[in-house]
Amino acid sequence: MNVVLAIDSFKGCASSQELSSWIEEGIKEVYQEASVTACYIADGGEGMLAAIMQNVRGEIVTCKVHDPLMNPISAQYGILEDGITAVIEMAQAGGLPLVPKEKRNPLLTTTFGVGEMVKDAIAKGCRKFIVGIGGSATNDAALGMLQALGYRFLDETGNELGLGGAILEDVHHVDESHVLPALKTCEFTVACDVDNVMYGPRGSAHIYAGQKGADAAMIERLDAGMQQFTQVLKNTLGKDVAMNAGSGAAGGMGGGMQAFLDATLRSGIEIILDQIGFDAHLKEATLVITGEGRIDQQSLMGKVLSGVSKRAQKAGVPLIALGGGIADELEEHKGVDALFSIMRYPMSLEEAMEKPRAEKLVKQSVKEIFRLIKLAKNSAS
Ligand SMILES: Nc1ncnc2c1ncn2[C@@H]1O[C@H](COP(=O)(O)OP(=O)(O)OP(=O)(O)O)[C@@H](O)[C@H]1O
Ligand SMILES: O=C(O)[C@H](O)CO
(Lines give C-alpha, C1' and ligand atoms only; values in the text may rest on other atoms or scores of the structure.)
(Ligands and ions follow the chains in the order given, each with its own letter.)
Protein backbone atom coordinates (compact mmCIF):
# COMPACT_ATOMS: atom_id res chain seq x y z
CA MET A 1 0.00 0.00 0.00
CA ASN A 2 1.71 3.18 -1.24
CA VAL A 3 -0.30 6.27 -0.41
CA VAL A 4 0.61 9.71 -1.74
CA LEU A 5 -0.79 12.70 0.13
CA ALA A 6 -1.33 16.00 -1.66
CA ILE A 7 -3.72 17.87 0.55
CA ASP A 8 -4.16 21.64 0.63
CA SER A 9 -4.48 23.44 3.96
CA PHE A 10 -7.90 23.74 5.56
CA LYS A 11 -7.75 27.55 5.66
CA GLY A 12 -8.20 28.91 9.15
CA CYS A 13 -7.80 25.44 10.65
CA ALA A 14 -4.78 23.34 9.68
CA SER A 15 -1.80 23.47 7.34
CA SER A 16 -1.01 20.97 4.60
CA GLN A 17 1.78 19.62 6.86
CA GLU A 18 -0.49 19.12 9.86
CA LEU A 19 -3.17 17.43 7.79
CA SER A 20 -0.60 15.17 6.16
CA SER A 21 0.74 14.01 9.50
CA TRP A 22 -2.77 13.36 10.88
CA ILE A 23 -3.71 11.40 7.77
CA GLU A 24 -0.51 9.39 7.92
CA GLU A 25 -1.19 8.47 11.55
CA GLY A 26 -4.74 7.40 10.66
CA ILE A 27 -3.51 5.23 7.79
CA LYS A 28 -0.79 3.64 9.89
CA GLU A 29 -3.25 2.65 12.60
CA VAL A 30 -4.99 0.44 10.06
CA TYR A 31 -2.13 -0.36 7.67
CA GLN A 32 1.04 -0.38 9.73
CA GLU A 33 3.11 -1.45 6.78
CA ALA A 34 1.77 1.25 4.42
CA SER A 35 4.26 3.59 2.83
CA VAL A 36 3.02 7.17 2.95
CA THR A 37 4.57 9.98 0.91
CA ALA A 38 3.45 13.42 1.99
CA CYS A 39 3.69 16.17 -0.64
CA TYR A 40 2.94 19.54 0.90
CA ILE A 41 0.67 21.53 -1.35
CA ALA A 42 -0.45 25.11 -1.85
CA ASP A 43 -1.97 27.09 -4.69
CA GLY A 44 0.44 30.02 -5.02
CA GLY A 45 -0.93 32.00 -2.10
CA GLU A 46 -0.14 31.61 1.58
CA GLY A 47 1.80 28.40 2.29
CA MET A 48 3.51 28.19 -1.09
CA LEU A 49 6.98 28.89 0.28
CA ALA A 50 6.69 26.16 2.91
CA ALA A 51 5.17 23.74 0.41
CA ILE A 52 8.03 24.12 -2.06
CA MET A 53 10.88 24.39 0.43
CA GLN A 54 9.84 21.30 2.36
CA ASN A 55 9.95 19.24 -0.78
CA VAL A 56 13.24 20.47 -2.29
CA ARG A 57 16.74 21.40 -1.16
CA GLY A 58 17.50 25.04 -0.46
CA GLU A 59 17.74 27.66 2.25
CA ILE A 60 15.26 30.03 3.82
CA VAL A 61 16.33 33.67 3.98
CA THR A 62 14.79 36.25 6.31
CA CYS A 63 14.84 39.91 5.30
CA LYS A 64 13.45 43.22 6.51
CA VAL A 65 10.70 44.61 4.28
CA HIS A 66 7.44 46.54 4.56
CA ASP A 67 3.91 45.20 4.99
CA PRO A 68 0.98 46.40 2.82
CA LEU A 69 0.62 49.55 4.96
CA MET A 70 4.38 50.18 4.94
CA ASN A 71 5.06 49.07 8.51
CA PRO A 72 8.43 47.33 8.88
CA ILE A 73 8.22 43.52 9.09
CA SER A 74 10.40 40.47 8.57
CA ALA A 75 9.60 38.23 5.62
CA GLN A 76 11.02 34.97 4.38
CA TYR A 77 11.82 33.65 0.96
CA GLY A 78 13.71 30.63 -0.30
CA ILE A 79 16.83 30.16 -2.41
CA LEU A 80 17.04 26.78 -4.13
CA GLU A 81 20.26 24.78 -4.10
CA ASP A 82 21.27 26.11 -7.53
CA GLY A 83 21.90 29.42 -5.71
CA ILE A 84 20.18 31.49 -8.39
CA THR A 85 16.50 30.56 -8.05
CA ALA A 86 14.47 32.41 -5.45
CA VAL A 87 11.05 31.25 -4.29
CA ILE A 88 8.99 34.23 -3.23
CA GLU A 89 5.54 34.02 -1.67
CA MET A 90 3.96 37.44 -2.05
CA ALA A 91 1.69 36.80 0.94
CA GLN A 92 4.78 37.08 3.17
CA ALA A 93 4.88 40.84 2.52
CA GLY A 94 1.52 41.55 0.89
CA GLY A 95 -0.77 39.02 2.57
CA LEU A 96 -4.24 39.77 3.89
CA PRO A 97 -3.54 38.48 7.43
CA LEU A 98 -0.82 41.16 7.77
CA VAL A 99 -3.47 43.89 7.81
CA PRO A 100 -5.90 44.12 10.74
CA LYS A 101 -9.53 43.94 9.58
CA GLU A 102 -10.32 47.58 10.42
CA LYS A 103 -7.34 48.84 8.39
CA ARG A 104 -7.98 46.85 5.22
CA ASN A 105 -8.21 49.22 2.25
CA PRO A 106 -6.93 48.17 -1.18
CA LEU A 107 -6.79 51.82 -2.29
CA LEU A 108 -3.93 52.24 0.18
CA THR A 109 -2.28 48.82 0.47
CA THR A 110 0.83 48.19 -1.59
CA THR A 111 2.99 45.31 -2.83
CA PHE A 112 6.15 47.38 -2.13
CA GLY A 113 7.44 44.76 0.33
CA VAL A 114 7.29 42.05 -2.31
CA GLY A 115 9.62 44.15 -4.46
CA GLU A 116 11.93 44.52 -1.47
CA MET A 117 12.12 40.73 -1.19
CA VAL A 118 13.00 40.47 -4.89
CA LYS A 119 15.65 43.17 -4.45
CA ASP A 120 17.17 41.31 -1.50
CA ALA A 121 17.30 38.10 -3.53
CA ILE A 122 18.90 39.89 -6.48
CA ALA A 123 21.58 41.25 -4.14
CA LYS A 124 22.25 37.64 -3.06
CA GLY A 125 22.80 36.59 -6.67
CA CYS A 126 19.36 35.27 -7.65
CA ARG A 127 18.28 35.74 -11.24
CA LYS A 128 15.42 33.25 -11.55
CA PHE A 129 12.25 33.82 -9.58
CA ILE A 130 9.25 31.69 -8.79
CA VAL A 131 6.74 34.12 -7.32
CA GLY A 132 3.60 32.69 -5.72
CA ILE A 133 0.76 35.19 -5.82
CA GLY A 134 -2.56 35.15 -3.99
CA GLY A 135 -4.00 35.64 -0.54
CA SER A 136 -3.16 39.33 -0.89
CA ALA A 137 -4.35 42.51 0.81
CA THR A 138 -3.59 44.53 -2.31
CA ASN A 139 -5.04 45.60 -5.65
CA ASP A 140 -2.18 47.60 -7.14
CA ALA A 141 -1.28 45.56 -10.26
CA ALA A 142 2.26 45.05 -8.85
CA LEU A 143 3.00 48.80 -8.97
CA GLY A 144 4.32 48.82 -5.40
CA MET A 145 6.60 45.89 -6.15
CA LEU A 146 7.90 47.69 -9.22
CA GLN A 147 8.39 50.92 -7.25
CA ALA A 148 10.62 49.03 -4.80
CA LEU A 149 12.66 47.92 -7.81
CA GLY A 150 13.14 51.48 -9.07
CA TYR A 151 10.16 52.13 -11.35
CA ARG A 152 8.54 55.56 -11.00
CA PHE A 153 4.93 56.12 -11.97
CA LEU A 154 3.96 59.65 -12.97
CA ASP A 155 0.64 61.43 -13.39
CA GLU A 156 -0.43 63.51 -16.39
CA THR A 157 1.69 66.47 -15.33
CA GLY A 158 4.76 64.41 -14.51
CA ASN A 159 4.41 64.28 -10.73
CA GLU A 160 5.57 61.07 -9.09
CA LEU A 161 2.71 59.03 -7.63
CA GLY A 162 2.66 57.46 -4.18
CA LEU A 163 1.65 53.93 -3.21
CA GLY A 164 -1.51 51.79 -3.25
CA GLY A 165 -4.29 50.76 -5.62
CA ALA A 166 -5.55 54.37 -5.73
CA ILE A 167 -2.72 55.40 -8.06
CA LEU A 168 -3.88 53.09 -10.88
CA GLU A 169 -6.32 55.73 -12.13
CA ASP A 170 -3.61 58.44 -12.26
CA VAL A 171 -0.69 56.70 -13.97
CA HIS A 172 0.10 58.31 -17.32
CA HIS A 173 3.84 57.84 -17.67
CA VAL A 174 6.36 55.25 -16.57
CA ASP A 175 9.92 56.29 -15.74
CA GLU A 176 12.35 53.37 -15.97
CA SER A 177 15.54 55.42 -15.60
CA HIS A 178 16.14 54.32 -12.00
CA VAL A 179 15.25 50.64 -12.40
CA LEU A 180 17.68 48.20 -10.80
CA PRO A 181 19.92 47.22 -13.77
CA ALA A 182 20.10 43.52 -12.75
CA LEU A 183 16.33 43.26 -13.16
CA LYS A 184 16.79 43.05 -16.93
CA THR A 185 18.71 39.79 -16.48
CA CYS A 186 16.05 38.19 -14.26
CA GLU A 187 13.45 35.62 -15.29
CA PHE A 188 10.11 35.48 -13.52
CA THR A 189 7.62 32.64 -13.36
CA VAL A 190 4.46 33.49 -11.52
CA ALA A 191 2.40 30.88 -9.67
CA CYS A 192 -1.16 32.26 -9.79
CA ASP A 193 -3.74 30.98 -7.31
CA VAL A 194 -6.65 31.90 -9.60
CA ASP A 195 -7.15 32.55 -13.31
CA ASN A 196 -9.08 35.82 -13.06
CA VAL A 197 -8.45 38.75 -15.37
CA MET A 198 -7.51 42.34 -14.49
CA TYR A 199 -10.84 44.13 -14.74
CA GLY A 200 -14.51 43.63 -15.54
CA PRO A 201 -16.98 41.23 -13.93
CA ARG A 202 -14.28 38.53 -13.54
CA GLY A 203 -11.64 41.11 -12.67
CA SER A 204 -9.53 41.35 -9.54
CA ALA A 205 -11.51 44.18 -7.91
CA HIS A 206 -14.99 42.76 -8.49
CA ILE A 207 -14.11 39.29 -7.28
CA TYR A 208 -11.52 39.86 -4.54
CA ALA A 209 -11.37 43.51 -3.39
CA GLY A 210 -14.39 43.02 -1.10
CA GLN A 211 -12.50 40.54 1.07
CA LYS A 212 -9.63 43.07 1.21
CA GLY A 213 -11.84 45.73 2.78
CA ALA A 214 -13.26 47.58 -0.25
CA ASP A 215 -16.89 48.72 -0.26
CA ALA A 216 -18.98 48.88 -3.44
CA ALA A 217 -17.77 52.36 -4.42
CA MET A 218 -14.13 51.44 -3.85
CA ILE A 219 -14.55 48.30 -5.95
CA GLU A 220 -15.90 50.38 -8.86
CA ARG A 221 -13.04 52.88 -8.48
CA LEU A 222 -10.40 50.14 -8.40
CA ASP A 223 -11.94 48.39 -11.37
CA ALA A 224 -12.05 51.63 -13.40
CA GLY A 225 -8.47 52.41 -12.30
CA MET A 226 -7.32 48.98 -13.42
CA GLN A 227 -9.02 49.41 -16.79
CA GLN A 228 -7.47 52.84 -17.28
CA PHE A 229 -4.05 51.53 -16.24
CA THR A 230 -4.15 48.60 -18.65
CA GLN A 231 -4.83 51.11 -21.43
CA VAL A 232 -1.67 52.98 -20.38
CA LEU A 233 0.22 49.67 -20.50
CA LYS A 234 -0.96 49.19 -24.05
CA ASN A 235 -0.02 52.72 -25.09
CA THR A 236 3.35 52.97 -23.35
CA LEU A 237 4.72 49.40 -23.35
CA GLY A 238 2.65 47.94 -26.15
CA LYS A 239 1.57 45.21 -23.70
CA ASP A 240 -1.99 43.94 -23.81
CA VAL A 241 -2.19 41.63 -20.78
CA ALA A 242 -5.49 42.51 -19.10
CA MET A 243 -7.50 39.50 -20.25
CA ASN A 244 -4.79 36.86 -19.82
CA ALA A 245 -5.63 34.06 -17.38
CA GLY A 246 -4.08 34.89 -14.00
CA SER A 247 -3.41 38.56 -14.83
CA GLY A 248 -6.00 39.50 -12.20
CA ALA A 249 -4.61 37.20 -9.50
CA ALA A 250 -3.54 38.99 -6.30
CA GLY A 251 -5.08 42.30 -7.30
CA GLY A 252 -3.60 42.42 -10.79
CA MET A 253 -0.12 41.40 -9.64
CA GLY A 254 0.00 38.78 -12.40
CA GLY A 255 -0.78 41.27 -15.15
CA GLY A 256 1.63 43.91 -13.80
CA MET A 257 4.46 41.36 -13.62
CA GLN A 258 3.71 40.09 -17.09
CA ALA A 259 3.70 43.58 -18.60
CA PHE A 260 6.80 44.98 -16.87
CA LEU A 261 8.92 41.92 -16.12
CA ASP A 262 7.93 39.65 -18.99
CA ALA A 263 6.83 37.13 -16.38
CA THR A 264 5.32 33.81 -17.41
CA LEU A 265 1.99 33.20 -15.67
CA ARG A 266 1.11 29.63 -14.70
CA SER A 267 -1.34 27.94 -12.42
CA GLY A 268 0.20 27.76 -8.93
CA ILE A 269 -0.68 24.14 -8.32
CA GLU A 270 0.96 23.08 -11.60
CA ILE A 271 4.19 24.84 -10.62
CA ILE A 272 4.20 23.27 -7.18
CA LEU A 273 3.47 19.77 -8.49
CA ASP A 274 6.35 20.17 -10.95
CA GLN A 275 8.74 21.52 -8.31
CA ILE A 276 8.09 18.62 -5.94
CA GLY A 277 8.34 15.95 -8.64
CA PHE A 278 4.77 14.82 -8.08
CA ASP A 279 4.54 12.69 -11.22
CA ALA A 280 7.47 10.56 -10.05
CA HIS A 281 5.70 9.90 -6.73
CA LEU A 282 2.61 8.82 -8.63
CA LYS A 283 4.51 6.07 -10.43
CA GLU A 284 4.72 4.09 -7.18
CA ALA A 285 1.29 5.05 -5.82
CA THR A 286 -1.65 2.79 -4.99
CA LEU A 287 -3.84 5.71 -3.97
CA VAL A 288 -3.69 9.51 -3.75
CA ILE A 289 -5.42 11.58 -1.07
CA THR A 290 -6.11 15.24 -1.70
CA GLY A 291 -8.54 17.74 -0.20
CA GLU A 292 -9.18 21.22 1.14
CA GLY A 293 -11.20 23.00 3.82
CA ARG A 294 -14.32 23.36 1.77
CA ILE A 295 -14.77 21.30 -1.37
CA ASP A 296 -17.03 23.03 -3.85
CA GLN A 297 -17.50 23.48 -7.58
CA GLN A 298 -14.55 25.89 -7.67
CA SER A 299 -12.29 23.22 -6.17
CA LEU A 300 -12.72 21.15 -9.29
CA MET A 301 -12.04 24.06 -11.65
CA GLY A 302 -8.42 25.05 -11.55
CA LYS A 303 -7.39 24.79 -7.92
CA VAL A 304 -5.46 22.17 -5.96
CA LEU A 305 -8.04 19.41 -6.38
CA SER A 306 -8.29 19.72 -10.11
CA GLY A 307 -4.50 20.00 -10.51
CA VAL A 308 -3.91 16.85 -8.47
CA SER A 309 -6.81 15.07 -10.14
CA LYS A 310 -5.53 15.71 -13.68
CA ARG A 311 -2.20 14.08 -12.83
CA ALA A 312 -3.66 11.19 -10.85
CA GLN A 313 -6.01 10.38 -13.72
CA LYS A 314 -3.15 10.50 -16.22
CA ALA A 315 -1.14 8.12 -14.06
CA GLY A 316 -4.19 5.89 -13.56
CA VAL A 317 -4.08 6.15 -9.76
CA PRO A 318 -7.35 6.36 -7.77
CA LEU A 319 -7.91 9.66 -5.99
CA ILE A 320 -9.95 10.41 -2.91
CA ALA A 321 -10.58 13.85 -1.46
CA LEU A 322 -11.12 14.77 2.14
CA GLY A 323 -12.79 18.05 3.08
CA GLY A 324 -13.79 19.91 6.21
CA GLY A 325 -17.07 20.29 4.39
CA ILE A 326 -18.50 19.51 0.97
CA ALA A 327 -20.81 21.97 -0.78
CA ASP A 328 -24.38 20.76 -1.07
CA GLU A 329 -24.63 21.35 -4.79
CA LEU A 330 -21.58 19.22 -5.56
CA GLU A 331 -23.01 16.00 -6.87
CA GLU A 332 -20.76 15.39 -9.85
CA HIS A 333 -17.08 15.16 -9.06
CA LYS A 334 -15.38 14.04 -12.22
CA GLY A 335 -11.73 13.23 -11.68
CA VAL A 336 -12.10 12.50 -7.96
CA ASP A 337 -13.17 8.93 -7.26
CA ALA A 338 -14.71 9.55 -3.86
CA LEU A 339 -15.28 12.58 -1.65
CA PHE A 340 -15.39 12.41 2.14
CA SER A 341 -16.25 15.04 4.70
CA ILE A 342 -14.52 14.67 8.06
CA MET A 343 -17.71 15.72 9.88
CA ARG A 344 -19.45 13.08 12.04
CA TYR A 345 -22.32 14.97 13.64
CA PRO A 346 -23.85 18.48 13.41
CA MET A 347 -21.64 21.08 15.05
CA SER A 348 -20.81 24.75 14.53
CA LEU A 349 -18.09 25.66 12.05
CA GLU A 350 -16.18 27.21 14.93
CA GLU A 351 -16.20 23.90 16.82
CA ALA A 352 -15.25 21.96 13.72
CA MET A 353 -12.30 24.21 13.06
CA GLU A 354 -10.75 23.87 16.52
CA LYS A 355 -7.47 22.17 15.81
CA PRO A 356 -7.63 19.27 18.31
CA ARG A 357 -11.16 18.42 17.16
CA ALA A 358 -10.19 18.65 13.48
CA GLU A 359 -7.22 16.38 14.16
CA LYS A 360 -9.46 13.78 15.79
CA LEU A 361 -12.04 14.00 13.00
CA VAL A 362 -9.45 13.67 10.25
CA LYS A 363 -7.87 10.62 11.88
CA GLN A 364 -11.24 8.96 12.51
CA SER A 365 -12.34 9.48 8.90
CA VAL A 366 -9.07 8.19 7.51
CA LYS A 367 -9.26 5.10 9.70
CA GLU A 368 -12.80 4.34 8.49
CA ILE A 369 -11.76 4.75 4.85
CA PHE A 370 -8.75 2.49 5.24
CA ARG A 371 -10.66 -0.14 7.19
CA LEU A 372 -12.96 -0.44 4.22
CA ILE A 373 -10.08 -0.55 1.76
CA LYS A 374 -8.38 -3.27 3.80
CA LEU A 375 -11.57 -5.29 4.00
CA ALA A 376 -12.16 -5.00 0.25
CA LYS A 377 -8.56 -5.96 -0.51
CA ASN A 378 -8.65 -8.96 1.82
CA SER A 379 -11.91 -10.26 0.44
CA ALA A 380 -10.64 -9.81 -3.14
CA SER A 381 -7.46 -11.79 -2.49
N1 LIG B 1 -12.00 21.57 10.13
C2 LIG B 1 -12.93 22.08 9.34
N3 LIG B 1 -14.17 21.58 9.36
C4 LIG B 1 -15.11 22.09 8.55
N5 LIG B 1 -14.92 23.09 7.68
C6 LIG B 1 -13.70 23.61 7.63
C7 LIG B 1 -12.64 23.14 8.44
N8 LIG B 1 -11.56 23.85 8.14
C9 LIG B 1 -11.91 24.74 7.21
N10 LIG B 1 -13.20 24.60 6.89
C11 LIG B 1 -13.99 25.37 5.91
O12 LIG B 1 -13.18 25.63 4.81
C13 LIG B 1 -13.12 27.03 4.56
C14 LIG B 1 -11.80 27.36 3.91
O15 LIG B 1 -11.81 26.72 2.65
P16 LIG B 1 -10.49 26.26 1.91
O17 LIG B 1 -9.50 25.71 2.89
O18 LIG B 1 -10.95 25.38 0.81
O19 LIG B 1 -9.87 27.60 1.39
P20 LIG B 1 -10.48 28.70 0.40
O21 LIG B 1 -10.68 29.94 1.21
O22 LIG B 1 -11.60 28.13 -0.38
O23 LIG B 1 -9.25 28.98 -0.47
P24 LIG B 1 -8.63 28.05 -1.58
O25 LIG B 1 -9.78 27.48 -2.38
O26 LIG B 1 -7.80 29.03 -2.31
O27 LIG B 1 -7.81 27.00 -0.89
C28 LIG B 1 -13.32 27.65 5.92
O29 LIG B 1 -13.78 28.96 5.81
C30 LIG B 1 -14.36 26.71 6.50
O31 LIG B 1 -15.65 27.04 6.00
O1 LIG C 1 -4.98 37.69 -3.54
C2 LIG C 1 -6.03 37.61 -4.14
O3 LIG C 1 -6.57 38.59 -4.71
C4 LIG C 1 -6.75 36.28 -4.29
O5 LIG C 1 -6.10 35.27 -3.56
C6 LIG C 1 -6.84 35.91 -5.73
O7 LIG C 1 -5.58 35.89 -6.30
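Let's start in the sheet. Strand β6, residues 128-133, runs parallel to strand β9, residues 187-192, and the two share six bridges. One pair to look at: Val 131 has Val 190 as its bridge partner in β9. A reminder before going on: this is a predicted model.

Now the helix on the sheet. α8 packs there and touches β6, β9 and β10. The direction of α8 makes about 160° with that of β9.

Next, the whole sheet. It is open, it has six strands, and the pairing is mixed. Reading across, the order is β3-β4-β5-β6-β9-β10. Which strands stand at the edges? They are β3, residues 58-66, and β10, residues 264-267. Each has a single partner strand, so one side of each has no neighbour in the sheet. From one strand to the next, the twist averages 25°.

On to ligand 2. Glycines in the shell are Gly 45, Gly 134, Gly 135 and Gly 251. Ser 136, Asp 193, Val 194, Ser 204 and Tyr 208 also surround the ligand, as do Ala 249 and Ala 250. By character, that shell splits into six polar residues, four nonpolar and one charged.

Which helices supply at least two shell residues each? α6, residues 204-209, and α8, residues 249-261. The largest share is from α8, with three residues.

So keep α8 in view when you turn the model. This helix touches β6, β9 and β10, and it also gives the largest share of the shell around ligand 2.

Methods:
Residues numbered from 1 in each chain as written. Chains lettered and ligands numbered in written order. Predicted model: local features only at pLDDT ≥ 70, side-chain atom pairs only at ≥ 80, totals over all residues. Near = placed C-beta within 6 Å. Helix = DSSP H or I, 4+ residues; strand = E, 2+ residues; numbered from the N terminus. Nonpolar A, V, L, I, M, F, W, Y, C, P; charged D, E, K, R; others polar. Pairing = 2+ DSSP bridges. Axes fitted to C-alpha atoms, helices over the stretch in contact; angles between N-to-C directions. Contact = placed C-beta atoms within 7 Å.
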